[in-house]
Amino acid sequence: MRLVTFIQDGRWRLGAVVGDEIIDLAAAHDALLGGYHIPSDMRSLLEAGPDAWSEVERTLQADDLTPFARPLSGVKLAAPIPNPSKVVAIGQNYMDHVKEQGAEPPDHPIIFAKFPTSVIGLGDEIRWDPALTNKVDWEVELAVVIGREARRVSADRAYDYIFGYTVANDVSARDLQFADGQWVRGKSLDTFCPLGPWIVTKDEIPDPHKLPLRCKVNDEVVQDSCTDQLIFKVPYLIEFLSHAFTLLPGDVILTGTPPGVGHFRTPPRYLQDGDVVTVEIDGIGALSNPCRTEG
Ligand code: ZN
């Protein structure tokens, strides 16, 4: 399944993408099945667990969903998880990226946080104040969405705790990131975590380590790699993180970025007002956001 959060009358609603249409899940379930009300936000759906997820599947198997379908192009999407309890991100996790810098791979995952207030969806503006930063950079990343509370989970059980996958742009203010000696401010500016366009459930991604991914600034490809370059694989990341803190349904793990970010180019290159940055992963989708400076 491909699940979205869309906005209707200023409120979140859950939808499923079928072809080039979105099915309004709560409306369809209420009319066709009844007896259970599908929540209005993805985090509540994930917290409700497998019985609720099977209600979503039943809805999509129902006859004649036509009255509850609308064109995808006519719907405003939010981030699929607009309100995660946390976004955990991993640094230096692509072998090709480490080699490019002539560095040694890290002994253990490098972890940092992006605050949930940084999350935006498809088409939302990445905004920054040039008085605060003028070194804003892109990072395409595979994002893992947690489906079950995970505490001290071993790697061999980790897939049981994954709900699905989406695409992230780990937008980074390099001047703040490296001047602070600690990354959270430069990684957590409002709008600096585009997520989406939807969650692809894990049954459609048999192996998350075989996914080509890329980033484009306007029409130029600036990152082009594959998740087979991940140093610490997804199951190990869930083991490592969940031995330190509890992962909750709807939490998002950004797994790291491949080579080609602007800061390490010669000469360095940063996002400018008016640029459109697109991050995409084959088998999941593409996420575009325009860039705007604000005073
Ligand atoms: Zn990153």
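Reader: Taking helices (H or I, at least four residues) and strands (E, at least two) as DSSP runs numbered from the N terminus, which of them each supply at least two residues of the lining of the largest pocket?
Author: In this predicted model, where local features need pLDDT of at least 70, side-chain atom pairs count only at pLDDT 80 or more and totals for chains, interfaces and linings use all residues, they are β6 (87-91) and α5 (174-180). Residues are numbered from 1 along each chain as its sequence is written, and side-chain values use heavy atoms, without hydrogens and water. A pocket is an open set of points on a 1 Å grid over the protein atoms alone, where a 1.4 Å probe fits, with protein on both sides within 12 Å along at least five of seven lines, and lining residues have an atom within 4 Å of a point.

Reader: Which element gives the most to that lining?
Author: That is α5, with 3 residues, out of the 18 that line the largest pocket.

Reader: And which residues lie nearest the pocket's centre?
Author: Gln92, His97, Glu139, Gln177 and Trp183 lie nearest, and Glu139 is also one of the protein donors of the zinc ion.

Reader: On to the zinc, then: what are its protein donors?
Author: Glu139 (OE), Glu141 (OE) and Asp170 (OD) lie 1.9 to 2.1 Å from the ion, donors being N, O and S atoms within 2.8 Å of the metal (3.2 Å for Na, K and Ca). Along the chain their spacing is E-x1-E-x28-D.

Reader: Where do 141 and 170 sit?
Author: Glutamate 141 belongs to strand β11 (residues 140-146), while aspartate 170 is in the loop between β12 (162-169) and β13 (172-173), so the pair, 29 residues apart, links distant parts of the chain.

Reader: Buried or exposed, those two?
Author: Both glutamate 141 and aspartate 170 are buried, meaning under 20% relative accessible area (1.4 Å probe, protein chains only).

Note on methods:
Buried means under 20% relative accessible area, exposed over 50%, partly exposed in between (1.4 Å probe, protein chains only).
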